[in-house]
Amino acid sequence: MSKLTFGISILPILVAIGFGLHTSNFLETAIAAEAEIIELIPRESDGSTLFAPVYVFEDIEGNEIKKYSSTASFPPPGQVGDKIEILYSKEEPKKSRQNTFFDKWGISAITGGLGVFYLLLSALIIYLTGKQLKKERE
């Protein structure tokens with residue numbers, strides 16, 4: 001069973017690498033801009049209320065872009081009227097994200113962390129079980 005867990009734990013590591021490469025490619029061409037929070041949308045999560053910002057910014061062509069953030073947090077990233085830094089793609093300004101660690105690397109960090117945790121745990125169990133079986137054979 002531990003060998004199966006060991007093998008399966010590689011999948012979230014590969015997912016983390018994939019998301020990491022996607023983020024890295026985005027960051028190579030991303031443009032930083034200042035956005036204004038115009039609304040905070042409450043979201044319920046496990047009995048707690050998290051807040052997802054809605055923000056507006058101008059792209060380099062002067063177009064006003066409105067974005068509903070896909071991430072929510074408590075405390076919120078600011079209040080209505082506050083400025084936040086965002087990153088966006090010149091080709092697709094609607095594909096913007098807040099310039100925070102979690103918005104850039106959160107999925108990679110969580111999936112990679114879980115994958116590494118289960119990989120190390122299953123490797124330890126395989127090692128200890130093998131050691132115990134070797135001891136019993138002697």
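1. To begin with one pair of residues in this predicted model, Arg 43 stands opposite Leu 50, which belongs to strand E2. The pair is a useful place to start reading the sheet, since strand E1, covering residues 31-45, is joined to E2 by nine bridges, and the two strands run antiparallel.

2. On its way to the next strand, the chain passes through a turn: E2 and E3 form a hairpin with five residues between them, and within that turn Gly 62 has a positive phi of about 85°. Strand E2, residues 48-58, is joined to E3 by five bridges, again with the strands running antiparallel, and here Phe 57 stands opposite Ile 65 of E3.

3. Taken as a whole, the sheet is open and is formed by five strands, whose order is E3-E2-E1-E4-E5 and whose pairing is antiparallel. Because E3 and strand E5 (97-98) stand at the edges and each has a single partner strand, one side of each is left without a neighbour in the sheet. As background for a reader new to sheets, strands pair through backbone hydrogen bonds, and the pairing may be either parallel or antiparallel.

4. Strand E3, residues 64-68, also deserves a look for its two faces: Ile 65 and Lys 67 make up the covered face, whereas Glu 64, Lys 66 and Tyr 68 make up the uncovered one. Ile 65, on the covered face, is the residue that has Phe 57 opposite.

5. Turning to the surface, a nonpolar patch of about 930 Å² is made by Met 1, Leu 4, Phe 6, Ile 8, Ile 10, Leu 11, Leu 14, Ile 17 and Leu 21. Helix H1 (2-8) and helix H2 (10-29) are the elements that give two or more residues to this patch, and the largest share, five residues, comes from H2.

6. Is Ile 17, a residue of helix H2, buried or partly exposed? Its relative accessible area is 46%, and therefore Ile 17 counts as partly exposed, a class that lies between buried, under 20%, and exposed, over 50%.

7. A last point concerns Lys 104, which has its place in helix H3, residues 101-137. Lys 104 is buried yet has no salt bridge, and the nearest side chain of opposite charge, that of Glu 85, is 7.6 Å away, while a salt bridge would need the charged atoms to be within 4 Å. Leaving aside neighbours within four places in sequence, Lys 104 is in contact with Thr 23, Leu 27, Leu 87, Arg 97, Gln 98 and Asn 99.

Conventions: Residues are numbered from 1 along each chain as its sequence is written. This is a predicted model: local features need pLDDT of at least 70, side-chain atom pairs count only at pLDDT 80 or more; totals for chains, interfaces and linings use all residues. Side-chain values use heavy atoms; hydrogens and water are left out. Helices (H or I, at least four residues) and strands (E, at least two) are DSSP runs, numbered from the N terminus. Buried means under 20% relative accessible area, exposed over 50%, partly exposed in between (1.4 Å probe, protein chains only). Lys and Arg count as positive and Asp and Glu as negative; His and the chain ends are not counted. Contact means heavy atoms within 4.5 Å. Two strands pair if DSSP finds at least two bridges between them. Patches are made of residues with over 30% relative accessible area and no salt bridge: like charges are joined within 9 Å, nonpolar side chains (Val, Leu, Ile, Met, Phe, Trp, Tyr) within 5 Å. Accessible areas come from the Shrake-Rupley method with a 1.4 Å probe; for residues, only the protein chains shown count as cover.
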